[in-house]
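Colleague: Could you walk me through this model? I would like to begin with the vocabulary.

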Amino acid sequence: MKSIKFTTMVIAAMTVIGLLMVAMTTGVAAETYDLVILNGRVMDPETKLDAMRNVGVKDGKIAVITKERIKGKETINAKGHVVAPGFIDMHDHNTAAPFGQKLALRDGVTTPMELEAGVYPVDTWYSYLEGKSQTNYGATVGTIPVRETLLNPAYKTKAYGDFLYDMQKPKHTHTSMKWSTQIATDKQIEQIGTMLEKGLKQGALGIGHCPGYMVSGSTQKESNIAQKLAGKYGVSTFVHGRFSSQKPPTSGLLGIDEMMAPQAIYGGGVVIQHMTAQTLSVTPQALKLIDDARDKGVQVIAEIYPYNFGGTIVGADYLHPDNYGPMMGRDYKDIIEVSTMKPLDKARYEELVKTAPGTSVLFYNATEETVHQALAHPNTVLGSDSYPYTIRKTGEPAIAWDTPYDGVNGHPRGAGAHARFLRLVREKKVDIPLVDGVSKMTYLIAKYLQDNGVDQMAHKGRIQVGADADITVFDPKTVKDNSTMKDGGLPSTGIPYVVVNGTVVVKDSKVLKGVYPGQAIRRVNK
Amino acid sequence: MTKQNDPYDIVITGGRVMDPESGLDAVRNVGITSERIDIITEQPIQGKETIDAAGHVVAPGFIDLHAHGQSPFDIKTKLRDGVTCPLEIEAGAFPVEVFYKEREGKAQANYAVSVGHVWARMAALDGVDPKGLGLYTGAMNACVSDGAQWHEKNTDDPKDMEKILANIEEGLKQGAVGIGVPVGYYNKCTSAELEAVFALAKRYNTFIATHVRYMSNIQPSGIMGILEVIALSFTHDVPLLIQHIHSTSLHRTKEALALVDAAQKRGLNVLAEAYPYDYGSSVIGADYLGEGFQEAMLMDYSDILYIKTGERMTKELLAKYRKEDPGGFMMMHHMKMEDVDAAMQHDGVIVGSDGMGFADVNGKNLEWDDAPETGVAHPRGAGTYAKTLRLVRERNYMPLMTAISKMTYLTARWLEEFVPAMKQLGRLKPGAIADITIFNPDTVTDNAVAEAGKMALPSTGIPCVIVNGTVVVKDSEVLKVYPGRAIKGGNG
């Protein structure tokens, strides 16, 4: 008994001493974090930190970044992995779809946002996602849904203001192409302005504007309403430029000039989204234009997706044979119908445009070389343009969380854009340092948005103490996209852990069901 | 004031002297010594020559940055309209030295030219020498045989771009006062090429004057053309002159003016110009008369008149002349007076005529002493300035001083940054160059109208015009004197 007592005492004493020693050596280790990510290569693009560190997370924030040992209630061993800020995507049309969020998470994206097409009404969209989002989420107020709401009274949203999803079910929602083709009267332009402003007042992150889908319908006067509001509220417009063409006069360059000049005049920023899809072979000239404008203080940035083909609706203006042929150097067969994965011919194109202009298609645009060069350019950022997927068997939009990854058709960018970019950097097809690649998916975007009215972004896109714990852990040696044109929904691999606001959402490369740490990214009007 | 007792070379007595710079608007006597204004005084003064200006306005000589017509006949007609500085800035010339040499010692008015991007392209891409004012040397038609590369070709080949830029540089070094970029006539020029031209303008600290891409109410619209050059102007910090803003913006002119205002407010150095007519004139091969012009410009074939024959166009005739005589001149009714007025009356918009050269009905160039009735071209080449003054009187268009400012001081002040000589022009003050226009505000009128025999009728009510201290128009007659001087840019 004695000996047992003695042993117990000794053990107890040794334990106390041990605890004291740990406390004395580190000071911080006494604290138990909610989550620790150990032994990873921590990369912070803002400070250029790129070193082995342990990261401690508490209350949704990064609480410590240290070489010392730390403990947490939950531990991720990140050995051999990069610990990066969660990826931010300004161009995700699947932001509000559970299946889309799941794919984004597998691709390392913690903050997908619908900034190009935008939504309307804005508060409906935000309310819908509250408490049931696996990722952070945000949206602009978009001229597309605003126009359709105004110009087509029959339109009723069944997707909480998410017009692109409404377009997938025209019979239920009565969407038309009025948003694209109808020229607004002066009075309607005023009303559009009022609706856009309402959206901004409800916290929209800026204004999504796609003259590229309303080449004849949208006047500069209407654009100017949006651009002036962007200036007034100190936010950005997010633009799909008017022309997709490598030939003058209606080249993608002119579309950039058209959108950039008013922002230079009225203030506010402009993101030229998926620029290579508009500027094609004149992309180098477009990049020069953007560099020069940025040097003069114009808030302009180009976004690129890492593919040489796009995904859109068959009724898109730029796919019209007058443009797609002579101005983009392509043919009907370069357009692929997503539900069947078959290339179009003239007859099928004409039939679809007439009967179902909202049909999802893929279409070839810029060359790979152009895309890779653009991605390497210092003033570009990555955006996926993740587009609604279609369930292969039924032709219905893929929304449900448990939709099988291998059962959908759609542009692979929605599943693989970010991992693909990391792979391209590894393979030196996009020849830039890894930290710069990470920056294009995180810090550069956060900084741009922060400079353009989205204050919350000051805490994102960084691995720094006090930053939001949006963290993506990937293996730089193996990370890759798996989605293809034929199998567009296969998730990326080599990204075993994704943390959103301190909560692990992807664990061992699986998205955890029923975990909803996503928070709204929403402007607060001052 | 020591000269008070000396006789001046010329004195103008009893006139209502109007100086837009100082706002002076009072009866004064003006004394001129040599080429300069020496004194402006209420006191009686004496001169070797005396002009009695009682009942008349004594204003700075009018400055026109948009005078294509530069023949002796054209200049004579401009002088009758009160213009002492008819300058060719929009289309410009190439080679620039040819233009200046041709006029040395033979100019009745002051003269200056920009280097024309269009001619620089032609020389580079077609190998055709524009020989100065390419609009009148047959250069455009000479390019037809090789497919008009200046019009068809873009500069994907960097060597082409180098040649074009080198030509422009040469023009600037030869004294061109700016770069004329009428890209609306060669739409296949890329935005990237335009950007390179803007970058060059910045290197030479000069400005760009432009006829923008597109002349259309619908997309792609004239407003888009303006946004393109505003983007480049902003990016490269290059001052911009948007010529005849109403003629390309059409029914969207008010939008265009609002954009210009907003750009100025933001610090962009941009100036807009207008002429007081609701119909235009140019070459019949112009891009904007291509397919779809009816919808874009809200006019029909019959609104286009082929000047040589006086024919109104049909579909067939337009196709024929565009093919056979793309450099032939036409007139077209493409604007609404409401939009013209909006531009003309807008604060800060300057007046420029866009006057095309007069020829006879057979297209033959006119001689100095040919009868005005023989001149055929858009009447704006003869009447823009007097018409503006008439509108002030008849329609209370704007205050008289504002109109004078738009025709003189505003233009000079904008140009003087690049063209030092302009500091002494467009003002009535001691020390300024004695370019002076004397008109009767109660009678001054244009007489040129778009009717046979009346297109070049000179304005009346402008009895006296002085250029560099020499009376050139006396009792409404143009004298055979040549006091005009070359005005050159800062790089010449």
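Modeller: A residue is called buried if 20 or more other C-beta atoms lie within 10 Å of its own, exposed if 12 or fewer do, and partly exposed in between, with the C-beta atoms placed from the backbone. This is a predicted model, in which local features need pLDDT of at least 70 and side-chain atom pairs count only at pLDDT 80 or more, while totals for chains, interfaces and linings use all residues. Residues are numbered from 1 along each chain as its sequence is written, and chains are lettered from A and ligands numbered from 1 in the order in which they are written.

Colleague: Let's try that out. Is B:Tyr214 buried or exposed?

Modeller: B:Tyr214 has 27 C-beta neighbours inside 10 Å, so it counts as buried. Its phi is positive, about 75°, although B:Tyr214 is not a glycine. Most residues other than glycine have a negative phi, and most peptide bonds are trans.

Colleague: Where does B:Tyr214 sit?

Modeller: B:Tyr214 is in the loop between strand 11 and helix 8 of chain B. Here helices (H or I, at least four residues) and strands (E, at least two) are DSSP runs, numbered from the N terminus.

Colleague: And what about B:Lys131, where is that one?

Modeller: B:Lys131 belongs to the loop between helix 3 (117-126) and helix 4 (139-142) of chain B. Its phi is near 55°, again a positive value in a residue other than glycine. B:Lys131 counts as partly exposed because it has 19 C-beta neighbours inside 10 Å.

Colleague: You mentioned peptide bonds. Which one leading to B:Pro220 is cis?

Modeller: The bond from B:Gln219 to B:Pro220 is cis, with omega near -10°. B:Pro220 lies in the loop between strand 11 (208-210) and helix 8 of chain B. The bond from B:Phe94 to B:Pro95 is cis too, with omega near -10°, and B:Pro95 is in the loop between strand 8 and helix 2 of chain B.

Colleague: Staying with helix 2 of chain B, which residues are buried there?

Modeller: In helix 2 (residues 96-103) of chain B, the buried residues are B:Val96, B:Phe99, B:Tyr100 and B:Arg103. They cover an arc of only 90° around the axis, which puts them on the same side of helix 2 of chain B; the arc is that of the directions from the helix axis to the C-beta atoms.

Colleague: What covers those buried residues?

Modeller: The cover includes strand 8 (88-93), strand 9 (113-116) and helix 6 (158-173) of chain B. After helix 2 of chain B comes B:Gly105, whose phi is positive, near 75°.

Colleague: New topic: how many residues does each chain bring to the contact between A and B?

Modeller: Chain B contributes 29 residues and chain A 25 residues, where two residues are in contact if their C-beta atoms, placed from the backbone, lie within 7 Å. On the side of chain B that touches chain A, the largest share, ten residues, comes from helix 8 of chain B.

Colleague: Now chain A. In what order do the strands of its open sheet run?

Modeller: Eight strands of chain A form the open sheet in the order 6-7-8-9-10-11-12-17, with parallel pairing. Strands pair if DSSP finds at least two bridges between them. Strand 6 (87-89) and strand 17 (380-382) of chain A are the edge strands, each pairing on one side only. From one strand to the next, the twist averages 25°.

Colleague: How many bridges join strand 11 and strand 12 of chain A?

Modeller: Strand 11 (residues 269-272) and strand 12 (residues 300-304) of chain A pair in the parallel sense over three bridges. A:Val271 stands opposite A:Ile301 in strand 12 of chain A.

Colleague: How do helix 10 and helix 12 of chain A lie relative to each other?

Modeller: The axes of helix 10 (residues 252-266) and helix 12 (residues 283-295) of chain A come within 9 Å and cross at roughly 20°. Axes are lines fitted to C-alpha atoms, for helices over the stretch in contact, and angles run from 0 to 180 degrees between N-to-C directions. The two helices of chain A, helix 10 and helix 12, are therefore roughly parallel to each other. Angles under 35 degrees count as roughly parallel, over 145 as roughly antiparallel, 65 to 115 as roughly perpendicular and the rest as oblique.

Colleague: Which residues meet between helix 10 and helix 12 of chain A?

Modeller: A:Gly252, A:Leu253, A:Ile256 and A:Met260 in helix 10 of chain A meet A:Gln285, A:Ala286, A:Leu289 and A:Ala293 in helix 12 of chain A.
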